[in-house]
Amino acid sequence: MTVTASDVVQRRELKTPIPGPRSQALAERRASVVAAGVSSTMPVYAARAHGGVIEDVDGNTLIDLGSGIAVTTVGSSDPRVVEHVQQQVADITHTCFMISPYEGYVAVAEKLAELTPGDHAKKSALFNSGAEAVENAVKIARYATGRQAVVAVDHAYHGRTNLTMALTAKAMPYKKGFGPFASDVYRVPTSYPFRDPAGMTGEEAAQRAITMAEKAVGADQIAAFIVEPIQGEGGFIVPAPGFLRTIADWCTANGIVFVADEVQSGFARTGEWFAVDHEGVVPDLVTTAKGIAGGLPLSAVTGRAEIMDAVHAGGLGGTYGGNPVACAAALGAIETMEQDGLLGRAKHIEEIATAKLREISAKTPAIGDVRGRGGMLAIEIVKPGTTEPDAALTGAVAKRCHEQGVVILTCGTFGNVIRLLPPLVISDDLLLEGLGVLADAFAELA
Ligand SMILES: *Cc1c(COP(=O)(O)O)cnc(C)c1O
């Protein structure tokens with residue numbers, strides 16, 4: 001009998017030091033053939049993954065608090081994803097939707113129309129990566145408005161292609177040495193409650209951004225305003241209530257396409273289908289990727305039919321966009337989110353993990369802030385009593401967790417945020433054990 005991912009035991013067990021001998025051997029092979037610019041957070045090579053556990057090539061089982069950066073929301077190799085993919089890959093691997101279309105693409109677009117915010121007529125175009133979705137959202141917004149400027153915010157992350165690097169705020173490691181960047185991109189302040197002046201409301205933060213956009217560009221020149229409803233790579237920044245709504249209303253009043261980049265925050269991650277749902281905000285366009293397809297590469301732009309339909313036939317697409325196997329995976333993943341109640345699971349994770357993080361924070365003066373929603377939670381690490389970032393301690397704590405068999409990720413413009421993105425199917429016990437390891441790391445190092 002073959003061993004499958006669903007046989008992976010749901011417990012943390014280290015049989016060798018991290019990394020073990022097989023991982024070290026693979027690291028040596030890698031060093032001579034894989035480009036150095038592609039790096040890995042953990043030195044262990046994965047063999048199988050399922051639920052809340054990654055099993056490495058040495059037989060160590062690690063608690064997964066990262067989901068491959070918010071991708072395996074339904075867990076790696078979710079049974080419904082596996083079933084849909086196996087059936088689809090046996091039927092059609094590829095025809096190209098631009099040549100001879102197939103049902104899966106249409107079915108995914110139907111699901112996107114149903115699940116994304118708002119009850120207006122919606123249409124979608126499918127692509128392969130988050131960056132590609134963002135690029136296309138900008139293309140569509142420019143076409144529909146006849147304008148060129150795009151506004152993004154501080155701490156933004158939108159991808160690694162030329163245009164999305166321009167939209168991304170942080171130089172290292174994403175932009176340094178890769179210019180020149182796409183033009184007509186303007187950056188304005190965001191809402192960052194931990195670092196904004198005390199008491200600043202979401203409306204005030206939005207007005208600060210709007211004033212900058214009006215002065216630096218002019219509202220009538222702006223095609224799109226793009227924002228992550230909870231900022232991901234920039235530090236899991238939850239804007240103050242009212243920020244997103246005020247920006248969205250200003251966009252509507254000025255004929256600007258409001259784009260919510262939900263690539264990281266979407267698809268059940270925060271306890272709602274999309275992070276903007278927490279604020280009741282309805283974007284003109286939504287970009288999705290990461291959690292959409294249980295680990296297969298798929299992304300989408302979904303939005304108001306009249307904006308999406310503005311572009312001439314043939315103006316949007318790509319060879320692989322909406323690949324049938326990726327679409328089948330998305331339908332399987334969405335089925336699991338719906339049938340296994342993963343929105344509720346995300347809310348439950350928020351409850352138990354936030355309680356644990358607050359407990360750790362109470363004992364750790366270096367933890368300046370605990371924040372996030374659902375299964376998208378973070379702590380920001382500072383020099384005690386200040387807001388001065390402590391990236392060194394952050395890195396040391398993460399490394400300690402890795403050595404103890406917990407896959408945990410960092411983020412933030414200042415590199416001082418530890419973020420939690422567990423698969424939403426992880427058990428309470430595993431999650432709390434992982435957070436216990438985090439607590440021990442702080443007790444030892446802070
Ligand atoms: C990861 C991410 C992207 C880029 O997605 P890729 O699939 O890596 O191209 C864009 N926007 C946000 C908010 C992301 O988190």
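## A tour of the domain interface

The protein chain splits into domain 1 (5-77 + 341-445) and domain 2 (81-339). This is a predicted model. Colour the two domains separately before going on.

**Stop 1: the whole pair.** Show the C-alpha atoms. The centres of domain 1 and domain 2 lie 26 Å apart. Now select the residues in contact: 40 come from domain 1 and 36 from domain 2.

**Stop 2: the buried surface.** Switch to a surface view. About 3100 Å² is buried between domain 1 and domain 2. Carbon and sulfur atoms give 61% of that area. Next, select L343, R373 and M376. These residues supply 25% of the area that domain 1 buries against domain 2, more than any other three residues.

**Stop 3: the charged pairs.** How many salt bridges are there between domain 1 and domain 2? The count is 4. For a salt bridge to look at, show the side chains of E279 and R373, which meet at 3.3 Å, N to O. R373 also belongs to the trio selected at the previous stop.

**Stop 4: polar contacts.** Widen the view to the full interface of domain 1 and domain 2. Here 20 residue pairs are in polar contact, with both residues at pLDDT 80 or more.

**Stop 5: the domain 1 face.** Show the cartoon and pick out α2 (67-70), α11 (342-363), β11 (367-373), β12 (376-381) and β15 (417-420). Each supplies at least two residues of the side of domain 1 that touches domain 2. Which element gives the largest share of that side? Select β11, which contributes 5 residues. Finally, colour this side by class: 20 residues are nonpolar, 14 polar and 6 charged.

Key: Residues numbered from 1 in each chain as written. Predicted model: local features only at pLDDT ≥ 70, side-chain atom pairs only at ≥ 80, totals over all residues. Heavy atoms only, no water. Domains from an automatic or database assignment. Contact = heavy atoms within 4.5 Å. Buried area = accessible area lost by both parts, 1.4 Å probe. Polar contact = N/O pair within 3.5 Å; in protein donor to acceptor, adjacent residues only side chain to side chain. Helix = DSSP H or I, 4+ residues; strand = E, 2+ residues; numbered from the N terminus. Nonpolar A, V, L, I, M, F, W, Y, C, P; charged D, E, K, R; others polar.
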